[in-house]
Amino acid sequence: MPKTPHARESSYSSHSDVPIRRSGTTAMATTPAFMPSTVRQESCDGRRSCHCRPDPAAASVDSMNAQSITVIGLGQMGTALADAFLTAGHRTTVWNRTPGKADALVERGAVRAADVAGAVTASELVVVCVLDYAAVREVLAPVADSLRGRILVNLTTGSPEQARAEAEWAEEHGIGYLDGAVMTTPPGVGDSANMILYAGGPGLLAEHRAALAVLGDPVDLGADAGSASLYDAGLLGLMWSVFGGWLHATALTGADGVPARDFTAVATRWLKTVSWFMTGYAEQIDAGEYPGEDATIDVQTAAIGHLLHAAEARGIDNRLPELHLELMRAAVRAGHGGDSYARIIESFRK
């Protein structure tokens, strides 16, 4: 591999190429939640824009199946939620502390509630998306009696513990409760390629699936109201790790003049194979056994040396892959060099 003019002598030992077993098939090759697939590309100065917009024909209901739905909280995400309900043909009532944020939605046909009590009583299904769980309680506690017998869908971001506490509060007041996590940014709301995670009252998602499906693909995580927030936290951690690895790799290849777009086209294809590895490793983790039948930690410890050497020679910050190497070496020192990479989960569990 040629060095750039700024290359330095590497402090990492050189290793011979190690063949890695590849599979001819892949599984779980899904579109990432943050990249909607049913979109139309906007143009900007003759170039494709990165701003995605959902296809308005992706989900709609006829007038016979239209439902009255209230959306409380009209920040960027709340506005996108209300817009998706309107686009699908649902009778949508909206409320926000700052009334002016509802103007555009009202022009499109939404009903502006004068107060929270009016917003709550307008619909059987009440969707709330505000800053945090403290704001949810502050807004809804005074109208708890009006919420009795209705379904509250909380799409506010928070922790599993907060979600469970909110579910207990709702149960005490006779309110059906679903906690959710929107696994996309506001422009992706309304696209069925993107997931909306739900957890909470048994049967509630099934009962209201048709209405909630206009926001994105509804994924039922069961009765534990904290599950959606738990998955959300884990999936965001995965996203940031993927972004970090991709940015390091893009900086590495870019040092030799490879455009980010060209490298990313190959990288996204590679991620489909990575998802196949993850599926197999998940079975090992659940079983608590880590046979190194595909590539052992010993092999991968050697292989990462190539990455570290190439990056150092190009002046790329290696802190991220050095963390991976540290975890691998710790597993080897513990006598697990012959196991699969999935074994490293034990380091995270400590």
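**Helix packing in the predicted model**

Helices α8 and α9 are oblique to each other, because their angle falls outside the ranges for roughly parallel (under 35 degrees), roughly antiparallel (over 145) and roughly perpendicular (65 to 115). The model is predicted, so that local features need pLDDT of at least 70 and side-chain atom pairs count only at pLDDT 80 or more, whereas totals for chains, interfaces and linings use all residues. Residues are numbered from 1 along each chain as its sequence is written, and side-chain values use heavy atoms, with hydrogens and water left out.

Helix α8 (residues 227-254) packs on helix α9 (residues 260-287) at an angle of about 130°, and the axes are 10 Å apart. Axes are lines fitted to C-alpha atoms, for helices over the stretch in contact, and angles run from 0 to 180 degrees between N-to-C directions. Trp246, Ala249, Thr250 and Thr253 of α8 meet Ala260, Phe263 and Thr264 of α9 in this contact (heavy atoms within 4.5 Å).

Helix α4 (residues 133-140) and helix α6 (residues 160-172) pack at about 15°, with axes 11 Å apart. These two helices are therefore roughly parallel to each other. Their contact involves Tyr133, Val136, Arg137 and Leu140 of α4, together with Gln162, Ala163, Ala165, Glu166 and Trp169 of α6.

In helix α1 (residues 76-88), the end C-alpha atoms are 19 Å apart, which agrees with the 18 Å that 13 residues should span at 1.5 Å a residue (1.5 Å times one less than the number of residues). Buried residues of α1 (under 20% relative accessible area, 1.4 Å probe, protein chains only) include Met77, Leu81 and Phe85. Glycine 89 follows α1 and has a positive phi, near 100°.

Key. Helices (H or I, at least four residues) and strands (E, at least two) are DSSP runs, numbered from the N terminus. Buried means under 20% relative accessible area, exposed over 50%, partly exposed in between (1.4 Å probe, protein chains only).
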